[in-house]
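Could you walk me through this structure in my viewer, one selection at a time? I would like to know what to click on next and what I will find there.

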Amino acid sequence: MSASLTLNKITAQKGITIAEAANRVADLGWTPSYVQEAMTFPTDYKISKTPRDPMKQVLRSYFPMQEEKDNRVYGALDAALRGDMFRNVEPRWVEWMKLFLAIIPFPEISAARSMAMVGRLAPGEELRTGFTMQMVDEFRHSTIQMNLKKWYMENYIDPAGFDITEAAFGKCYATTIGRQFAEGFLTGDAITAANVYLTVVAETAFTNTLFVAMPSEAARNGDYALPTVFLSVQSDESRHIGNGHSMLMAMINDPSNHQLLERDLKYAFWQNHAIVDAAIGTFIEYGTTNRDKNKESYAELWHRWIYEDYYRTYMLPLEKYGIKIHHDDVAAAWDRIVKKNYVHKTAQFFAVGWSANFWRIEAQTEKDFEWFEHKYPGWYAEFGDFWKWYAKLSVPGETNILFNSDVGYVYPHRCWSCMVPCLIREDFVCDEVDGKIYTYCSEGCRWTHKVAFAAEYEGRATPAMGRFSGRREWEDCYHGWDIADAIKDLGFVRPDGKTLTAQPHLRFDAKDMWTLDHVRGHQLGSPLRGFRALSPIEREVAVADYRKGFTINPCH
Amino acid sequence: MSAQASAATAEPSVVKSGAAGSAVFPGSDSRKYNYFEPKGRKATHYEDMTVDVQPDPERYLLQDWIISFPDGTPTYSKDWTAAKSSNWHKFRAVDQEWERTHYQRQSTICGMVQNTIENGRKSGAPARFDPAWVKILQNHLGAYKHAEFGLGTSTMQAQRYGYTQMVNNAILTNSSYKLRFAQDITLYLSEIALDIPGFDVNAGKQHWLEDPIWQGVRKSIESVMGSNDYLEQYFATNAVFEPLVGELFRSGFLMQAASAQNDFITPAVVSAAEADYERNLANTVELFHILGTDAQHAAHNIALFNKWLAKHAELALDAANHLQPIWSQPRVKVVSFSDALAQAKNRIRGIASELGLTVPASLS
């Protein structure tokens, strides 16, 4: 027998090529002539060129490939349990997963829904298969993440917070920020939402920090489950990035689209930065116990994934098509992370508001301080005392840090656009839209609400563009409520009916845990209500005062 | 500083283990999703993966939907269907699909279909197909694949509009099955074309677009695709088109006639779609049964579904009747059109009766 004889060679028979298969499949569509296709979600863009499918994959190979990926994921979860992963996992890390995994399944399934919106818009059917696969991928992501969360709930020391997960998603101030991200995928102008915001910016740029950088940190904290699930999720993203780019290329040659593309690239980048960097930056920097000085900080990761990978290699080449790239925003986002401590201020805010959370946050310690100072010089001077206060006030019986005037923290305004609080005080702005005053964390967010989400953009009618709606200031929902009653209403109380789901520490002993009685006696209030009640002159003074910031008092 | 506070500012107490059961404290045994009412005594894995992932201001969505369309319509709206429900969250998909079960099933089907085609081709089967049958596969199975694709794109569109995750995911998996089957047929025909000289893989589309036999089907499919009501699309697909036209052509013709024309491959390829449909039908009947027996809106819904049934049944019946000549084309005749149509009518009557709907006179 010849040494080169293989089973493949014996059994192989002539088949059709991949390109031919893709072409045949793309020919399944037709232009209806008896009845017009259903009204789809509108767009102000013009799409006259047929987008190409860069992946050229058919469902026959897609489903077995995905099943194989699943087998690896579920096998790894079993292996993690057999290897007693949870004995060594860092609770500091898993606690943040209660927040992250409460948010992420909804953005994922929203992306599946949004494929309906782009599927009908593109001429030709070639990219339809790509959109179909993305739809099923996103269904995969949403339910595989719900499964991971259930797995943590069943196996981690403290399941409280996982057990209420989707109810918590609906009510928490932090998860609403994630919902802004998700609703942005599927509401308003179909191309703005499902193409530019979702695939061109969120998936091409920010999934790298979400689904690549974060799993690395999970592994450093003894959590092998998150990497196995999320790197598998990320492996689907390349297809989505291809879909997004192909659709973008089908529009970019038409100069009448450039104005809208410039608007949407700017809006999507800034809002992804404001939302994703706040959340993922906090999880990576403050959810870890690993303080290896050789590992990359979030700022360094951002530079690699967002600046180099997205901005320099993806966005800049768009200029050759005549698109004006928002270079200043990229520089401003970088400054916010590196010079203005955006991530640190977000983590600080999460900690101040711990009692209204549904996960535990423990204090940062000396070991953490040293790492932060090494990576972010000047960190200790600004945040060291705060975390000392946090540790000190983590004992039941102390005054809740949210209301403790000894600390010196001043509760922030909420940004009407990204919904993260206005944490970089010097960047705080306000403006009037449709006769009402709103507050914003930055000029980029002010522009997003007032200029981008409007019926007209630079003199051009934009009838398909979405609008901000709902009760966007969380604090307003509980204005005048005692915080204990608000926590009860949120459902963030453990099954005994009195112990808070959130705790400001990782002490797993009933005697150390805060109850409703420990926090009762303080009222929540809406900063915006007070701000709107001011006269224009008073408001000007308030803005100037807010921009000056605050100083945390020394903690002895 | 109190003694307690002093303890807290020191390094936090070392946690020996992050594993379940390593400490007992309030909530340490709360290991089930507790925010929804399971359909049965205990929540199924599907329910845990699905329920409440798409939120609702009437349940937990404190701050309401936060982006709207320019006319003020929120991200999800009950107004996207004329059907009404006193509880949109009641529905659970009968097939209980979540991602893992979906990929396992789809992948198994892909393997089954590919193995059958490969082994059939290896044994030289396509060359032995009866020549008249080859023409039928080329022209009519080739045309029919576009109907499946139309239903796939229609349900892909519809899965955006449902008011709950359970409704939308059931429609999404329906779409996934239809689009896979449309591709299964496409690739199957392309592959046997390699073994059958003169086989024209483009003929199917031409028949779909121009052949009078297929124009009723195309009109029926385009009417499903053209509906602005996502539940009408879902209803028309599974409660009307599938039993009257889809099953009629697949089971009532291809599956029965093929073997007599020396073709054992086509029935295996097509059988996957029949099994897909059983699941999609079960989900559809469950949803429309819930809506048709709704405590507040039953009468409204039944009247609406009767209207949809009458509209789409007329189109589908016309489509079915136009297909009649195909039954005469095989050299060996195994099944008559009238028997197959009687079976199809019987099937749709059964579905309508299950849903408490009035069967149009034309189907009696």
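Start by selecting helix 6 (residues 165-193) and helix 10 (residues 265-292) of chain B in this predicted model. Their axes lie 10 Å apart and the packing angle is about 165 degrees. Angles over 145 degrees count as roughly antiparallel, so helix 6 of chain B and helix 10 of chain B are roughly antiparallel to each other. The crossing of helix 6 of chain B with helix 10 of chain B is left-handed.

Now show the side chains along this contact. On helix 6 of chain B, pick out Val167(B), Ala170(B), Asn174(B), Tyr177(B), Phe181(B), Asp184(B), Ile185(B) and Tyr188(B). Helix 10 of chain B answers with Val269(B), Ala272(B), Ala273(B), Asp276(B), Asn280(B), Asn283(B) and Leu287(B). Colour the contact by class and you should get 10 nonpolar, three polar and two charged residues.

Keep helix 10 of chain B on screen and add helix 3 of chain B. These two axes come within 9 Å and cross at roughly 170 degrees, so helix 3 of chain B and helix 10 of chain B are also roughly antiparallel. From helix 3 of chain B, select Ile109(B), Met112(B), Val113(B), Thr116(B), Ile117(B) and Gly120(B). They meet Ile265(B), Ala268(B), Val269(B) and Ala272(B) in helix 10 of chain B. Here the classes come to eight nonpolar, two polar and no charged residues.

Next, bring in chain A. How many residues does each chain put into the contact? Chain B contributes 91 and chain A contributes 111. On the side of chain B that touches chain A, helix 6 of chain B gives the most, with 13 residues. Other elements of chain B that supply at least two residues each include helix 1 (3-9), strand 1 (67-68), helix 3 (99-122) and helix 5 (131-158). By class, this side of chain B holds 37 nonpolar, 34 polar and 20 charged residues.

For the next stop, select helix 11 (residues 298-328) of chain B. Its 31 residues reach 44 Å from the first C-alpha to the last, close to the 45 Å expected. Where does helix 11 of chain B bend? Centre on His322(B), where the bend is about 30 degrees, then look for Pro325(B), a proline that follows within four residues.

Finally, zoom out to chain B as a whole. Its secondary structure comes to 12 helices and one strand, and its C-alpha atoms fill a box of roughly 95 × 50 × 40 Å along the principal axes.

How values were computed:
Residues are numbered from 1 along each chain as its sequence is written. Chains are lettered from A and ligands numbered from 1 in the order in which they are written. This is a predicted model: local features need pLDDT of at least 70, side-chain atom pairs count only at pLDDT 80 or more; totals for chains, interfaces and linings use all residues. The expected span of a helix is 1.5 Å times one less than its number of residues. The bend at a residue is the angle between axes fitted to the seven residues ending there and the seven starting there. Axes are lines fitted to C-alpha atoms, for helices over the stretch in contact, and angles run from 0 to 180 degrees between N-to-C directions. Angles under 35 degrees count as roughly parallel, over 145 as roughly antiparallel, 65 to 115 as roughly perpendicular and the rest as oblique. A crossing is left-handed if the near helix is turned anticlockwise from the far one by less than a right angle, and right-handed if clockwise. Two residues are in contact if their C-beta atoms, placed from the backbone, lie within 7 Å. Ala, Val, Leu, Ile, Met, Phe, Trp, Tyr, Cys and Pro count as nonpolar, Asp, Glu, Lys and Arg as charged, and the others, Gly among them, as polar.
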